[in-house]
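Let us take a friendly walk through the aromatic rings of a protein chain. Please have your viewer ready and follow along.

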Amino acid sequence: MKVFGVDIGGSGIKGAPVDLVRGELADDRYKVLTPHPATPEAVIDGVKEVVDHFGWSGPVGATFPGVVVDGTTRSAANVDKSWIGLDAAAALRERLGAPVTLLNDADAAGLAEVHFGAGRDHYGTVIVLTFGTGIGSAVFTDGKLVANTELGHLELSGRDAETHASTRAKDEEDLSWHHWAHRVQKYLAHVEMLFSPELFVIGGGVSRKAEKFLPLIKGVKAEIVPAQLQNSAGIVGAAMAAAAAAAADPGSDGPAAGPAAAG
């Protein structure tokens with residue numbers, strides 16, 4: 001079964017059909033740059049370009065870099081503020097002419113990691129953290145998602161944790177791996193104190209270099225592992241959400257649609 005997933009980020013919009021039996025992309029992903037300013041109209045045009053690249057017809061799952069409640073975007077840290085309060089799912093459905101399921105980007109990545117990746121077969125509390133421009137979070141209890149947790153905005157050292165311990169902070173402040181790992185360690189210890197998870201899954205692009213910083217993190221009781229799906233996680237998780245929504249709504253087009261017929 002294939003469903004289309006799109007991952008909307010602050011720097012890029014990427015998508016592909018997803019094989020939901022294997023939990024992996026069914027084709028090479030296609031990416032366009034996120035427009036600036038990242039207004040709803042401009043970003044949705046980018047999403048349409050990604051979907052149209054594959055000639056896709058049928059349900060689409062999409063991520064958003066902010067809080068999403070019932071298809072409405074409630075925050076907009078890395079895109080234009082005009083997203084706030086928008087029924088973005090409806091706007092995407094109208095532009096694409098297809099059913100669209102919208103969810104937070106870290107929640108989507110978490111869904112993919114818990115079902116197909118590093119969090120698979122783990123129970124209790126599992127927290128997936130995506131380190132990048134900010135810090136995204138997805139919290140699971142016995143496999144069930146607690147949506148829109150936004151743990152990157154916890155206060156750490158007197159400021160938002162993501163301004164202190166994100167990958168962007170490492171790059172902008174030219175931190176060594178050792179120095180940055182110490183900041184990540186303080187952040188993980190704070191999250192652990194609040195939630196007592198059994199497992200942390202560390203995602204985002206930096207997960208490809210896990211060997212450079214995870215061994216430097218000490219004193220955290222929970223197991224810490226790198227994400228397995230890496231940059232595909234958001235796309236896979238978005239497709240999973242779209243498939244679940246289609247299954248819950250017998251009147252939808254269903255999750256089995258694929259590339260539109262030529263002509």
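This model is predicted, and it holds 8 aromatic pairs. A good place to start is the pair formed by Phe131 and Trp180, whose rings lie 5.9 Å apart, centre to centre, with 85° between the planes. How is such a geometry classed? Planes over 60 degrees apart count as edge-to-face, and the Phe131–Trp180 pair is edge-to-face.

Now look at where the two partners come from. Phe131 belongs to strand S10 (residues 125-131), while Trp180 belongs to helix H6 (residues 177-195); the pair therefore ties together parts that are 49 residues apart in sequence. Are these two residues buried or exposed? Phe131 has a relative accessibility of 2%, so Phe131 counts as buried. Trp180 is buried as well, at a relative accessible area of 0%.

Phe131 also pairs with Tyr187: the ring centres are 6.3 Å apart and the planes stand at 85°, so this pair is edge-to-face. Here, too, distant parts of the chain are linked, with Phe131 in strand S10 and Tyr187 in helix H6, 56 residues apart. Tyr187 is buried, with a relative accessible area of 0%.

With these pairs in view, you can step back to the wider group. Which residues join Phe131 in one aromatic cluster? The cluster is formed by Phe131, Trp177, Trp180, Tyr187 and Phe213. One of these members, Trp177, has a charged neighbour to look at: the charged end of Lys170 sits over the Trp177 ring, 4.2 Å from the ring centre.

Conventions
Residues are numbered from 1 along each chain as its sequence is written. This is a predicted model: local features need pLDDT of at least 70, side-chain atom pairs count only at pLDDT 80 or more; totals for chains, interfaces and linings use all residues. Side-chain values use heavy atoms; hydrogens and water are left out. Rings of Phe, Tyr and Trp (its six-membered ring) pair if their centres lie within 6.5 Å; planes under 30 degrees apart count as stacked, over 60 as edge-to-face and the rest as tilted. Helices (H or I, at least four residues) and strands (E, at least two) are DSSP runs, numbered from the N terminus. Buried means under 20% relative accessible area, exposed over 50%, partly exposed in between (1.4 Å probe, protein chains only). A charge sits over a ring if NZ of Lys or CZ of Arg is within 6 Å of the ring centre and within 35 degrees of the ring normal.
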